[in-house]
Amino acid sequence: RDIVRMEAYDISNIQGKETTGSMAVFLNGKPDKNEYRKFKIHLDGKPNDFAMMQELISRRLSHAEWPFPDFMLIDGGKGQLSAALAAVKSQIRNPKFEIGALAKRQNELFLRGQKNPVLLKTMSSQLRNMLLHIRDEAHRFAISYHRKLHRKGSLS
């Protein structure tokens, strides 16, 4: 059976400062922590979740040496998905991977090319739990990196 690679992305910041992005990678449903990546977001000015997500995905895709995922999971809703898709479009003519965004409020999954989101509660528990696990893992990783930078910054 082919290896299924899923990547999840999250942005973390406090009032737009020390903004970080994370990429968590799961292979065949299990975290592959050696493949996790963290990014310092360089965008200046007011916090802009969409622009930060676009920067994160653009920078991830600029690494040709990293294999493409089968599925990219973005933390957020329709706006974050659009930002990620804009980044993908600017770098890859026809991506062979699927891309979706998981909105926390209603636990809805927005997928590229689909007007209406898929509700997680309508999925098999195995798939639902996998999506929540990878999203939560990206979130945990982003926050731990963000805290580390914040501690470093508050010492100087």
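Colleague: Which residues does Y9 touch, not counting residues up to four places away in sequence?
Modeller: This is a predicted model, in which local features need pLDDT of at least 70 and side-chain atom pairs count only at pLDDT 80 or more, while totals for chains, interfaces and linings use all residues. Residues are numbered from 1 along each chain as its sequence is written, and side-chain values use heavy atoms, with hydrogens and water left out. With contact taken as heavy atoms within 4.5 Å, and with residues up to four places away in sequence set aside, Y9 touches S22, M23, M53, L56, I57, R60, M72, L73, I74, D75 and A138.

Colleague: Which element gives the largest share of the largest nonpolar core?
Modeller: A nonpolar core is a set of buried Ala, Val, Leu, Ile, Met, Phe, Trp, Tyr and Cys residues joined through side-chain atoms within 4.5 Å, where buried means under 20% relative accessible area, exposed over 50% and partly exposed in between (1.4 Å probe, protein chains only). The largest one has 26 residues, and those with the most contacts inside it are Y9, M53, I57, M72, I74, V88 and I99. Helices (H or I, at least four residues) and strands (E, at least two) being DSSP runs numbered from the N terminus, the elements that give two or more residues to this core are β1, β2, α1, β5, α2 and β6. The largest share, six residues, comes from α2.

Colleague: How far apart are the end C-alpha atoms of α1?
Modeller: The expected span of a helix is 1.5 Å times one less than its number of residues, so the 13 residues of α1 should span 18 Å. The distance in the model agrees with that expectation, as the end C-alpha atoms are apart by 18 Å.

Colleague: Which residue caps the N-terminal end of α1?
Modeller: The relevant criterion is the polar contact, a pair of N or O atoms within 3.5 Å; within protein, one must be able to donate a hydrogen and the other to accept it, and residues adjacent in sequence count only if both atoms are side-chain atoms. A side-chain oxygen lies 3.0 Å from the backbone nitrogen of F50, and the residue that supplies this oxygen as the cap is N48.

Colleague: Which residues do salt bridges that share partners join into one network?
Modeller: A salt bridge is a side-chain nitrogen of Lys or Arg within 4 Å of a carboxyl oxygen of Asp or Glu; R5 forms one with E7 at 2.8 Å and another with E35 at 3.1 Å. Because E35 lies in the loop between β3 and β4 and R5 in strand β1, that second pair ties together parts that are 30 residues apart in sequence. In α1, R59 and E55 also meet in a salt bridge (2.9 Å, N to O), being four residues apart and so separated by about one helical turn. The network formed through shared partners consists of R5, E7, E35 and R60.

Colleague: How far from D32 is the nearest side chain of opposite charge?
Modeller: D32 lies in the loop between β3 and β4 and touches V25, F26 and L27, not counting residues up to four places away in sequence. Lys and Arg count as positive and Asp and Glu as negative, with His and the chain ends not counted. D32 is buried yet has no salt bridge, and the nearest side chain of opposite charge, R5, is away by 5.8 Å.

Colleague: What is the phi of N28?
Modeller: Most residues other than glycine have a negative phi. N28, in the loop between β2 and β3, is partly exposed at 38% relative accessible area. Its phi is positive although N28 is a residue other than glycine, with a value near 50°.
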